[in-house]
Amino acid sequence: MVALFIWCGFGIYTDSSKQFKWTVDALKDAGLIVLITGAEGAFGNVLKQLDIARLIAIESGSPLGGLILIFLMAVILKTSQGSLTVAIIATAALMAPLLSNFQLDDGLGKTFAVSSIGAGAMTTSHVNDSYFWVGSQFSGMSTK
């Protein structure tokens with residue numbers, strides 16, 4: 001978004017017909033992506049209100065089982081609402097209270113948990129995903 005405004009600023013020094021066309025085209029392409037990402041963030045905020053530790057109620061478990069659960073939670077969040085960033089942040093917030101239950105509360109365990117979240121959040125991409133729209137809008141591909 002910052003780059004968009006910088007280039008719009010450079011457009012001021014060109015002739016007015018090019019400036020207007022560049023500005024309209026840039027805002028049209030970026031506006032849809034920003035709108036979709038904002039809606040994804042709102043849905044992610046709703047999901048963060050869940051007390052997942054109380055809902056799952058796991059007293060003890062293995063680190064491998066915990067990593068699989070963390071991975072699956074990231075997959076579910078990414079698939080349901082689309083945003084990679086929101087899936088990562090929401091999964092981390094939801095699963096942080098469970099790290100000690102899975103013996104993942106030390107430095108290496110947290111590293112594995114973060115890697116599991118990142119891998120899970122990268123599994124799907126569909127029309128709810130901002131990256132999908134960036135790719136389709138700027139490559140000229142149709143959604144069909």
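I68 is partly exposed, with a relative accessible area of 45%. This residue lies in helix α4, and the model it comes from is a predicted one. On the surface, I68 joins L64, L72 and I76 in a nonpolar patch, and together the four have about 400 Å² of accessible area.

Now for a contrasting residue. S116 has its place in helix α6. Is S116 buried or exposed? S116 is buried, because its relative accessible area of 10% falls under the 20% cut-off. Leaving aside neighbours within four places in sequence, S116 is in contact with L67, I70 and F71.

Here are the two residues side by side:

| Residue | Helix | Relative accessible area | State |
|---|---|---|---|
| I68 | α4 | 45% | partly exposed |
| S116 | α6 | 10% | buried |

Let's look at the helix around S116. Helix α6 runs over residues 107-121, 15 residues in total, and reaches 21 Å from its first C-alpha to its last, close to the 21 Å expected at 1.5 Å a residue. Which residues of α6 are buried? They are G109, A113, S116, I117, G120 and A121. Seen down the axis of α6, these buried residues fall within an arc of 125°, so they line one face of the helix. As a general rule, an α-helix has 3.6 residues a turn, so residues three or four places apart point the same way.

What covers this buried side? The cover includes α4 (63-81) and α5 (84-95). The face of α6 turned away from its buried side carries the exposed residues G107, L108 and V114.

Conventions. Residues numbered from 1 in each chain as written. Predicted model: local features only at pLDDT ≥ 70, side-chain atom pairs only at ≥ 80, totals over all residues. Heavy atoms only, no water. Helix = DSSP H or I, 4+ residues; strand = E, 2+ residues; numbered from the N terminus. Expected span 1.5 Å × (residues − 1). Buried < 20%, exposed > 50% of the residue type's maximum accessible area, 1.4 Å probe, protein only. Arc of directions from axis to C-beta. Contact = heavy atoms within 4.5 Å. Patch = residues over 30% accessible without salt bridge, like charges linked within 9 Å, V, L, I, M, F, W, Y side chains within 5 Å. Areas by Shrake-Rupley, 256 points an atom, 1.4 Å probe, with all protein chains shown as cover. Salt bridge = Lys/Arg side-chain N within 4 Å of Asp/Glu carboxyl O.
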